[in-house]
Amino acid sequence: MKYYIGLDAHSKTSTFAVVDGRGQCVLRETVDTTEKALSYVINKVQGERYLTFEESTISQWLYLQLRERVDELVVCNPVYVAKKPGAKTDFRDALHLAQELRTGHLQPVFHDASHWIQLRVSVSGYLDVVEEIIRFKNRLKAVFRAEAIATDENSFYGNNKRVNELTNPSAKFVAGGLFRQIEFLEAEKLKYRKLFEQNKQKYRPIRNLMTIPGISLIRANIIAALVCQPNRFENKHKFWGYCMLVRHIQKSGGKIYGNKRIFGRRELRNVFVGAAETINRTETSLRDHYDALRARGLKHSEAKLGIARKIAAIALCLLKNNDTYNDNYAEYLQERKRLRIEFFNASNHS
């Protein structure tokens with residue numbers, strides 16, 4: 001018999017709700033969040049076991065601990081889980097997940113046990129540091145703007161002597177602290193760059209990605225870490241959706257009600273749009289493609305987005321084929337396809 005297990009997991013305790021094929025709850029239990037306790041509850045279920053829990057900070061750990069103990073494991077996206085009315089409890093959440101799994105209404109989130117998932121930890125840490133640097137810089141600029149002091153020059157954030165330009169003693173104290181915190185975070189950012197340099201030497205896909213114009217060391221590490229297994233994307237259109245580079249039209253009753261981006265990784269959108277911006281300072285076929293889009297009447301933002309999609313498609317192709325980029329990549333792919341067809345035909349005739 002098939003059993004559907006909903007797990008509402010927290011750092012200290014986790015609650016299970018198990019339903020059968022008819023939707024009847026046959027087991028409920030709350031245990032400590034340890035490998036031994038979680039396995040004990042799952043082993044109580046005799047039959048085909050289908051497990052689900054929501055994506056969270058501990059979901060990767062749960063995935064590694066429990067994937068071999070069930071017939072199928074779905075780490076679901078909480079954004080797409082239907083909201084349940086009524087009081088919120090751990091058991092009700094777990095039961096709702098089990099029922100949604102039984103009816104096939106859950107949207108899975110990719111998880112894997114490979115080294116690429118582990119690379120995500122370092123990339124996530126780097127992005128957090130960058131976000132904190134931006135936040136502290138904005139606060140620092142706000143302190144100076146409050147006294148109408150210009151902060152536009154590039155050397156501003158590295159010149160802590162500018163604190164002396166402030167007249168308010170409290171503002172001087174705050175600005176001094178912000179300068180020190182920015183200096184510390186910039187040093188931490190450099191440590192991540194050294195780590196990414198090691199990744200470049202260790203992983204060929206990262207080196208392949210860096211052959212694309214506009215894809216730097218940092219961007220290549222981010223792409224490799226977030227894509228992980230490129231074959232999970234059926235085509236470039238699916239990948240564009242994951243990168244939030246396309247919008248989907250909302251239509252009902254024959255009327256269009258606007259459009260929206262599907263849920264994806266905004267980090268990849270920032271990487272590819274940033275690479276497209278870099279392309280404008282190069283003399284490559286990608287820059288020629290941008291100029292062609294502009295000549296057709298597209299605005300800068302639209303043409304830049306078109307280039308971002310093209311770079312994303314090339315990146316996916318390189319990851320799938322373990323290949324490097326050249327400036328005539330479209331012609332290169334056509335020639336390679338022609339050679340494969342010739343080889344296939346020759347093999348069939350022999």
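V79, Y80, I262 and F263 make a nonpolar surface patch of about 370 Å². The model is predicted. Within this patch, V79 sits in a loop. That loop runs between β5 (72-76) and α3 (90-102).

The analysis then turned to pockets. Rolling a probe the size of a water molecule over the atoms shows where empty space is left. The largest pocket holds about 1,800 Å³ of space. Several elements each give two or more residues to its lining: α2 (59-66), α4 (115-145), α7 (217-227), α8 (236-242) and α9 (266-279). In total, 49 residues line the largest pocket. R120, Y242, G264, R265 and E267 are the lining residues that lie nearest its centre. Helix α4 provides the largest share of the lining, with twelve residues. By character, the lining of the largest pocket divides into 21 nonpolar, 15 polar and 13 charged residues.

Helix α9, one of the elements that contribute to this lining, also contains T278. T278 touches G214 and R219, leaving aside residues up to four places away in sequence. A further pair was examined by C-alpha distance. T278 and S216 are 62 residues apart along the chain. Their C-alpha atoms are separated by 10.0 Å.

Charged pairs were considered last. The count of salt bridges comes to twelve. One of the pairs that form a salt bridge is R69 with E35. The closest N and O atoms of this pair are 3.6 Å apart. R69 lies in the loop between α2 and β5, whereas E35 lies in helix α1 (residues 35-44), so the salt bridge ties together parts that are 34 residues apart in sequence. Strand β5 thus borders two of the loops described here: the loop that holds R69 and the loop that holds V79.

Terms used
Residues are numbered from 1 along each chain as its sequence is written. This is a predicted model: local features need pLDDT of at least 70, side-chain atom pairs count only at pLDDT 80 or more; totals for chains, interfaces and linings use all residues. Side-chain values use heavy atoms; hydrogens and water are left out. Patches are made of residues with over 30% relative accessible area and no salt bridge: like charges are joined within 9 Å, nonpolar side chains (Val, Leu, Ile, Met, Phe, Trp, Tyr) within 5 Å. Accessible areas come from the Shrake-Rupley method with a 1.4 Å probe; for residues, only the protein chains shown count as cover. A salt bridge is a side-chain nitrogen of Lys or Arg within 4 Å of a carboxyl oxygen of Asp or Glu. Helices (H or I, at least four residues) and strands (E, at least two) are DSSP runs, numbered from the N terminus. On a 1 Å grid over the protein atoms alone, a cavity is a set of points where a 1.4 Å probe fits but cannot get out, and a pocket is an open set with protein on both sides within 12 Å along at least five of seven lines; lining residues have an atom within 4 Å of a point. Grid points are joined across faces, edges and corners, and a volume is the space filled by probe spheres set on the points. Ala, Val, Leu, Ile, Met, Phe, Trp, Tyr, Cys and Pro count as nonpolar, Asp, Glu, Lys and Arg as charged, and the others, Gly among them, as polar. Contact means heavy atoms within 4.5 Å.
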